[in-house]
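Student: Please choose one part of this model and take a close look at it with me, slowly and with the terms explained. I would also like to see how that part relates to other places in the chain.

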Amino acid sequence: MAAPTLTDSNFQRTVVYLIDHRSEGTLGVVLNRPSEVAVHDVLPAWGPHVTRPQAVYIGGPVEQKTALCLAALRTGEDLSTLEGVVGVRGPVALVDLDADPDVLVEKVRGLRVFAGYAGWGSRQLAGEIERGDWIVVPGLPDDVLTPSGVDLWGRVLRRQGMPTALLATYPADVHRN
């Protein structure tokens, strides 16, 4: 979660779902930045299967011509038996967009496609967290599928309990408060 004081236009009031974190670096996608581009315009085979809105989300400022897809699997689905997916956490999986969507679609509750990603080098994210730019909270599978128009940033903050929940009331522009 971007801290309320993080004003970088790439990350202001964003919720980033971390996909991979290791000593070499961290990779994630911004969950709450839909674009105006429809998935069916860039990935026609996947367009009918993505969760509404059926838009490509802006996953982050890195390699925006690269597409990533996250899925939330249906209850009872076993990741180890599915081809074309790599487990991220719990029922959330990274989907191979070269796979056949018709084979996978019955196994998932929803899919979301992202253009680009957020990436940090070794210890870079840890430094930003120590500086107070980010608030680390657990993500839920439904966060990945949250529709546009929902204040995901505020919703995730509010479910943290006090005092963190109070940050959801922080004004978007403190100068206009």
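What follows is one connected answer about a single loop and, after it, a few residues elsewhere.

Tutor: This is a predicted model, in which local features need pLDDT of at least 70 and side-chain atom pairs count only at pLDDT 80 or more, while totals for chains, interfaces and linings use all residues. Residues are numbered from 1 along each chain as its sequence is written, and side-chain values use heavy atoms, with hydrogens and water left out.

Let us take the loop between helix 3 and helix 4, where Asp-143 is found and where Val-150 also has its place. (Helices, of type H or I with at least four residues, and strands, of type E with at least two, are DSSP runs numbered from the N terminus.) Trp-134 belongs to this loop as well, whereas Trp-120 lies in strand 8, which covers residues 108–121, so the pairing of these two rings ties together parts that are 14 residues apart in sequence.

A pair of aromatic rings is described by the distance of the centres and the angle of the planes. For Trp-120 and Trp-134 the centres are 5.8 Å apart and the planes stand at 90°, which makes the pair edge-to-face. (Rings of Phe, Tyr and Trp, the last by its six-membered ring, pair if their centres lie within 6.5 Å, and planes under 30 degrees apart count as stacked, over 60 as edge-to-face and the rest as tilted.) Searching the whole structure gives 4 aromatic pairs, and Phe-11 joins Trp-120 and Trp-134 in one aromatic cluster. Trp-120 and Trp-134 are both buried, a word that means under 20% relative accessible area, with exposed meaning over 50% and partly exposed in between (1.4 Å probe, protein chains only).

Further along the loop, Asp-143 is buried, because its relative accessible area is 4%. When neighbours within four places in sequence are left aside, Asp-143 is in contact with Leu-31, Leu-152, Val-156 and Arg-159, where contact means heavy atoms within 4.5 Å. Val-150, by comparison, has a relative accessible area of 30% and is therefore partly exposed. Although Val-150 and Asn-32 are 118 residues apart in sequence, their C-alpha atoms are 8.6 Å apart in space.

A second loop, the one between helix 1 (39–42) and strand 4 (55–58), holds Arg-52. With a relative accessible area of 63%, Arg-52 is exposed, and its contacts, again leaving aside neighbours within four places in sequence, are with Arg-112 and Pro-147. Between the C-alpha atoms of Arg-52 and His-40, which are 12 residues apart along the chain, the separation is 12 Å.

Finally, consider Ser-35, a residue of strand 3, which runs through residues 34–38. The side chain of Ser-35 has a polar atom 2.6 Å from the backbone oxygen of Val-56, and it also reaches the backbone nitrogen of Val-37 at 3.1 Å. If residues up to four places away in sequence are not counted, Ser-35 touches Ala-55, Val-56, Tyr-57 and Ile-58, so Val-56 appears both among the residues that Ser-35 touches and as the owner of that backbone oxygen.

Methods. Polar contact = N/O pair within 3.5 Å; in protein donor to acceptor, adjacent residues only side chain to side chain.
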